[in-house]
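Work through the exercises below with the sequence and the coordinates open, and try each task before reading its solution.

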Amino acid sequence: MSDDSLPAPAPSPAPARTAAVIPAAGRGVRLGPGAPKALRALSGTPMLIHAVRALAASRAVSLVVVVAPPDGAAEVKSLLDAHALPDRTDFLVVPGGDSRQESVKLGLDALPPDYDIVLVHDAARPLVPVDTVDAVIEAVRDGAPAVVPALPLADTVKEVEPAAVPGEPEPVVATPERARLRAVQTPQGFDRATLLRAHETVTENVTDDASMVEQLGLTVVVVPGHEEAFKVTRPLDLVLAEAVLARRRLNDGF
């Protein structure tokens with residue numbers, strides 16, 4: 001039999017396409033009065049732009065959906081248009097809802113049908129390294145329905161009985177084994193169908209998108225997070241974020 005008569009090998013399936021949803025509709029009251037948290041400046045650039053660039057830095061991410069405050073979609077669209085973003089990535093802005101869960105669902109609903117992997121990322125984590133983003137995507141591609149980046153805890157954690165009056169002493173009821181605990185970050189990555197089913201069926205005890213998948217009875221896996229993927233929540237976090245950016249500029253020579 002000649003080589004010409006052999007059947008041609010089947011083409012390899014194309015990698016699953018990845019989109020990122022960034023809910024940015026919150027006010028961020030713990031940072032104090034002023035602009036919404038996602039629009040606060042960090043080294044002269046809004047945190048949201050840093051977060052969008054961090055996700056778009058992954059060559060696997062071809063679409064970033066920003067979920068804006070319900071009355072601020074036009075402002076956020078103008079903000080994205082005013083800053084340099086990677087040409088290979090598409091960007092979409094949609095109005096958000098009254099809660100983070102509702103905003104993520106609105107972002108999911110805006111995705112074109114040909115995206116199979118979805119990342120959900122906090123706009124308040126503007127400095128997540130691209131290696132962390134890629135590690136989450138790779139774990140979903142390898143078959144995990146839900147993936148979270150996380151770090152081991154440095155501090156001992158106590159479970160307490162919450163005080164009836166804030167500021168009152170609280171009795172300790174347990175000391176969890178620290179070696180089994182992780183501090184979870186974002187982006188969290190999902191098989192799209194799994195995340196959509198979670199948002200359509202889970203409405204209680206929602207702390208993050210991965211917890212919704214857990215309530216479906218599915219396994220969520222952890223990949224290593226990064227210390228620079230911290231959440232900017234309080235004024236001191238802004239100081240730390242500025243220091244990280246200053247170190248990056250020094251190391252990168254600009």
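**Exercise 1.** Against which strands and helices do the buried residues of H2 pack?

*Solution.* Keep in mind throughout that this is a predicted model. Begin by picking out the buried residues of H2, which are Ala 73, Val 76, Leu 79 and Leu 80. They lie on the same side of H2, because the arc they cover around the axis is only 120 degrees. The sequence spacing can then be set beside a general rule: an α-helix has 3.6 residues a turn, so residues three or four places apart point the same way. Turning to the other side of H2, one finds Ala 74, Glu 75 and Asp 81 exposed. The last step is to follow the buried residues outward, where they pack against strand S3 (45-46), H1, S4 and strand S5 (90-95).

**Exercise 2.** Determine which residues touch the most other members of the largest nonpolar core, and which elements give two or more residues to this core.

*Solution.* The largest nonpolar core holds 34 residues, and those that touch the most other members are Leu 48, Val 52, Leu 55, Val 64, Val 66 and Leu 119. Two or more residues of this core come from each of strand S1 (18-23), helix H1 (47-56), strand S4 (61-68), helix H2 (73-81), strand S6 (117-120) and helix H4 (130-141). A second, separate core has 21 residues, among them Val 65, Tyr 115, Ala 146 and Val 202. For a closer view of one residue, take Val 52: once residues up to four places away in sequence are set aside, Val 52 touches Ile 22, Val 64, Val 66, Leu 80, Leu 85 and Phe 91.

**Exercise 3.** Decide whether Ala 210 is buried or exposed, and list its contacts beyond its neighbours within four places in sequence.

*Solution.* First locate Ala 210, which lies in helix H6 (residues 209-215). Its relative accessible area is 2%, and because buried means under 20%, Ala 210 counts as buried. With the neighbours within four places left aside, Ala 210 is in contact with Val 148, Gln 188, Phe 190 and Val 220. A further pair to inspect is Ala 210 and Val 120, which are 90 residues apart in sequence and 9.7 Å apart in space, C-alpha to C-alpha.

**Exercise 4.** State what percentage of the residues in the protein chain is buried, and describe how its contacts are distributed along the sequence.

*Solution.* The protein chain, with its seven helices and 12 strands, has 254 residues, of which 43% are buried. Among contacts between residues at least 6 apart in sequence, 72% join residues at least 24 apart. The chain exposes about 13700 Å², and carbon and sulfur atoms supply 54% of that area.

Methods: Residues numbered from 1 in each chain as written. Predicted model: local features only at pLDDT ≥ 70, side-chain atom pairs only at ≥ 80, totals over all residues. Heavy atoms only, no water. Helix = DSSP H or I, 4+ residues; strand = E, 2+ residues; numbered from the N terminus. Buried < 20%, exposed > 50% of the residue type's maximum accessible area, 1.4 Å probe, protein only. Contact = heavy atoms within 4.5 Å. Areas by Shrake-Rupley, 256 points an atom, 1.4 Å probe, with all protein chains shown as cover. Core = buried A, V, L, I, M, F, W, Y, C linked by side-chain atoms within 4.5 Å. Arc of directions from axis to C-beta.
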